[in-house]
Each structure stands twice: as C-alpha cells, then as structure tokens.
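Please open the structure below in your viewer and keep the selection tool at hand. We will go from stop to stop, with a word at each on what to select and what is there.

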Amino acid sequence: MRVPRIIPCLSLRGSGFVKTEKFKNPKYLGDPINIVKIFNEKEVDELMVVDIAATTEQQQIKWPLLKQLASECFMPVGYGGGVRNLDDVHQLFAIGFEKVSLSSSALSDRPLVEAAAARYGSQSIVATIDVRKTLFGSYDVVTHSGTKKRGLDPAVAAKSLADAGCGEIVVNSVDRDGTYEGYDLQLISLVANAVGVPVVALGGAKSLLNLIEAVEVGGASAAAAASFFVYHGPHRAVLINVPSPTEIKEEFRRFRAIGK
Amino acid sequence: MIVVVNYRLNNIGSILAMFRKVGVEAIETSNAEDIRRAEKIVLPGVGSFDFGMRNLHEMGLAPALNEAVLEHRKPILGICLGLQLFTQSSDEGREAGLGWLPARTKRFAFPSSPSAPKIPHIGWNSVNFPRPHPLFAGLDDEARFYFVHSFHLVSEDPDLVIARSEYGYDFDVAMARDNILGVQFHPEKSHRFGLQLLRNFANWSPHART
C-alpha cells in the first residue's frame, strides 16, 4: 500500500522557527537544528522549510543555517523563501535540499522556473501558491507573505506553473493558516483537478483525519501542516509531535476501508 | 574507500552523512584520479539526463568512470539520475548514456483519466524483489524508499532486475550487473531503510563466493 506523504512545514524567521496565524503574529517555536533533529528521529516522510522573511524583508538566504539543517535529515527536505535566481537554486541542491520551492519568483519570473526545471528536472522544482479568499468568496493568489494581491485564480496559476516545469504545487490557504479550522478542501480540489502534477495541501490542519481528508477527499497527493506538528493543547504549548509511519498507514487504511 | 562523485548536479551531504552513520569511510570528489583509485564508487544525481551526461563529459569524469567500472570492475552504485545515466538513453534528453546497462530510461505514461497517477512519482513506496541480491540484505516487503522522478528504467534483460515497484503499473527500480548496481529511489533520503542499503553496499563484494 502506498501511503501519501505527511509533511511538517516549518517557517523560518531570523534564526528561529516560528508559527503564524493567517500569516500574522509569528510566535517563536525554538531552535531550528533541534527541531529538525526531532523530526528526523521520528522518521517523518519529508520536511518543508520556508523562510517567511526572505522576500518581504529582502533578506539573503541563510546559507550556513540551511546547510546544517539539511545535513540533519535522512528524509527529503524542501526549501523555499527568497529564491531569486538559478545560482540560488544550484546552491540549495548543493547544500542538501531535495527540492527548491519558488513562490513570488514563480509568478514573476517564468524563465527562472523553466530554466531550473530544465536543468534539475521538474521533480526538484516546487511552486508554492499562497491563496486568500476574496470578499466575494472566490480565490486569489497572493505573494510576499500575503501582502500583495495578484488577481490570479489559483487553478490558473497552478496550471501555468506546471506547464513551465514545476513538478509539484503546494497550495497554501492564508485564511486557514494556524487556525485549526481544517483544510480548505474546495481550494485543494480546485487546484488538484487542474494539474497532472502532485499537489500538496497546506493550511488549517487540526488532526490526522484532516491530513487524510486533504488527500482522500481533496485530491491532494500529500498533506503538509505546521501547527498540528508543533503545538499541543488549547494553549498551544510548543511540543513536537508526529504520528509514527505505522500509525499514519493504519489511519489511511482505516479511512479507505470505511470511508471516514 | 568509497568515493561519491560530485558532478555538480547533486547533493552529496546526506550520502556522506549516512555512510558516516554506518561507520564507513567515504569521500566526495570531482577528481578523475580519485575515481580511478577508488575501491567503490557512488554516482548520485538530482537533475536532468542531458545536464548530467554533459557534466560528466565536461568534467573529464566519463573516461575515469568507464575505466574504473568496465576495466577494473570496481563496484559502483548509481542513485536516481546516477542509475539512469548507466542506461543507453533517456526520453528526457538527447545525450547517449554511459550504456553500461541494457536498459533505457522512459517517461511515466498513463492513459488519460481523472484518476491517473500524477507525474512525477513523488513519495514513499514499497518495493518487491524478483531475485535476491546482497544490496537488499535485511530488507523485506516492509521496506519503503523515497522516490522522486518522472522517468524510470525499462530493463531489456529481466534477469538483471533486482527490485521493482508499482506506480500506475509495475516498473523496474533497481538493477545489478556484476559490479554495477543502481537504484531509482534515494537511499540517502529513506531513513533506516536507506541506511541498511548503503551499509549493504559498503559490505558487498561482487567477486566473493556466497
């Protein structure tokens, strides 16, 4: 049985990991190396690291820290945040990342996407699409940590990025971020149905059931989450917790057998 | 000494870290001489076929690899793109592969349907073993590995296939021909299953009597 990936997503800001709510109010979680070590020990499927300040605060990619992070992991790690050119992409692979995610650059620099995919293969290039619901209930792609509206439909954006060579699309709901309200399954389906590449759901997961629903109901190929893995309890105490691969497999099996 | 070839297309850190963890000495190199003198070689790879072959040629590594592998029969393990470069050719590019394995690299292709598997094949998957091989010692059907690829091997000689998997259809994921081994998945990104595999490669002697 093939078990879809469950992926912790960690936001880097300055020298620490943080957790936001609707992309605001970052709260410090802890030292990145320690946190990543724990995820590695718990044998998570994959990890995503996103530097949420790199584009908005125009910062350099934190090379020494990232090199250390990547070296701790015996599972794939993807990185996104402030990737602006092919050199950045090259360096990220050189220091140990399996995948490079483009977000703001993906939409403003199609030649970069095409060149990166041509050289490194589509399977290494991910596009992360942040999405906010408009007042009228439709979806709009946003960039720069949610501060810039693109006036773009996420399914259209996803299709364009897949055509340009992205082998994976992460669809991130700004509205659900850090809220524990569950994934926006409608948004996920919209994007998953639009492209033939794997789609990763992100934003709002509260439970393992939510993660499974993102795949089994929403049509995502994998489910990513942050709060679910790093917080515990109603007061959001920081506690890294990950269901074991066996538990995840069992829950998927159970869901598929009984439909819920 | 195990030599991990850096041809500017790959992340070597995790491979070296895994060898360190299993207590085996391994170094990274872009130097043809190091390849000639290696006891064993690993050819990793994250990237596209033509870019990989061109780099091997431009960096002067292809002759050293051919000599070490074909003449001196040094054990070599190809990983992902590394294995694909051992084949004759790939749908992904125009360059000829090293041609060490009677196999070609083809793109995944599924009949068009809403439930067709997505391409690339990304994620953890189990494998089955059509014939035993020391590379997979200690690993059974519980073993799973991380795959991330749009192209896969098609062996022309089934007897050389030592592992297969399923994604939409059954396909070849590992081959062995004398001293030449290769795996489509990433052992260096497959936790303890990958550790076991790299440990096995380090301990393996193709010319030993079993």
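The tour starts where the two chains meet, moves on to helix pairs in chain A, and ends with a few backbone details. Keep in mind throughout that this is a predicted model.

**Stop 1: the interface of chain A and chain B**

Colour the two chains separately and select the residues in contact. You should have 36 residues from chain A and 36 residues from chain B. Between chain A and chain B an area of about 2,800 Å² is buried, and carbon and sulfur atoms give 54% of that.

How many salt bridges does the rule find across the interface of chain A and chain B? There are three salt bridges across it, while the count over all chains is 25. Two that cross from one chain to the other are worth a look.

Select Arg192(B) and Glu43(A) to begin with. They form a salt bridge in which the closest N and O atoms are 3.1 Å apart. Arg192(B) sits in helix H6 (residues 191–203) of chain B, and Glu43(A) in the loop between helix H1 (32–41) and strand E4 (47–51) of chain A, so this pair joins two chains.

Now select Asp45(A) together with Arg144(B). Here too there is a salt bridge, with 3.9 Å between the closest N and O atoms.

**Stop 2: helices H3 and H5 of chain A**

Hide chain B for now and select residues 86–95 of chain A, which are helix H3. Add helix H5, residues 110–120 of chain A. H3(A) and H5(A) pack at an angle of about 35°, their axes 10 Å apart, and their crossing is right-handed. Show the side chains of Leu86(A), Val89(A), His90(A) and Phe93(A) on H3(A), and those of Leu112(A), Ala115(A), Ala116(A), Arg119(A) and Tyr120(A) on H5(A), to see the residues that make the contact. By class, seven of the contact residues of H3(A) and H5(A) are nonpolar, one is polar and one is charged.

**Stop 3: from H5 to H6 of chain A**

Leave H5(A) on display and add helix H6 (residues 154–164) of chain A. The axes of H5(A) and H6(A) are 8 Å apart, and the helices pack at about 45°, which means that H5(A) is oblique to H6(A). On H5(A), pick out Arg110(A), Val113(A), Glu114(A) and Ala117(A); their partners on H6(A) are Ser160(A), Leu161(A), Asp163(A) and Ala164(A). The contact of H5(A) with H6(A) has four nonpolar residues, one polar and three charged.

**Stop 4: helices H8 and H10 of chain A**

Next, select residues 208–216 (helix H8) and 245–258 (helix H10) of chain A. This pair packs at an angle of about 60°, with 10 Å between the axes, so H8(A) is oblique to H10(A). The crossing in which H8(A) passes H10(A) is right-handed. Which residues of H8(A) and H10(A) meet? From H8(A) come Leu208(A), Leu209(A), Ile212(A), Glu213(A), Val215(A) and Glu216(A), and from H10(A) come Glu247(A), Ile248(A), Glu251(A), Phe252(A), Phe255(A) and Arg256(A). The contact of H8(A) with H10(A) has seven nonpolar and five charged residues, and no polar ones.

**Stop 5: backbone details**

Switch to a backbone view and select Tyr180(A), in the loop between strand E10 (168–173) and helix H7 (185–194) of chain A. Tyr180(A) is not a glycine, yet its phi is positive, at about 60°. Then go to Arg236(A), in the loop between strand E13 (231–232) and strand E14 (237–238) of chain A. Arg236(A) also has a positive phi, of about 50°, although it is not a glycine.

To finish, bring chain B back and select Ile119(B) and Pro120(B). A cis peptide bond joins them, with omega at about 10°. You will find Pro120(B) in the loop between strand E5 (103–107) and strand E6 (121–126) of chain B.

How values were computed. Residues numbered from 1 in each chain as written. Chains lettered and ligands numbered in written order. Predicted model: local features only at pLDDT ≥ 70, side-chain atom pairs only at ≥ 80, totals over all residues. Heavy atoms only, no water. Axes fitted to C-alpha atoms, helices over the stretch in contact; angles between N-to-C directions. Helix = DSSP H or I, 4+ residues; strand = E, 2+ residues; numbered from the N terminus. Parallel < 35°, antiparallel > 145°, perpendicular 65-115°, else oblique. Left-handed = near helix turned anticlockwise from the far one by under 90°. Contact = heavy atoms within 4.5 Å. Nonpolar A, V, L, I, M, F, W, Y, C, P; charged D, E, K, R; others polar. Buried area = accessible area lost by both parts, 1.4 Å probe. Salt bridge = Lys/Arg side-chain N within 4 Å of Asp/Glu carboxyl O.
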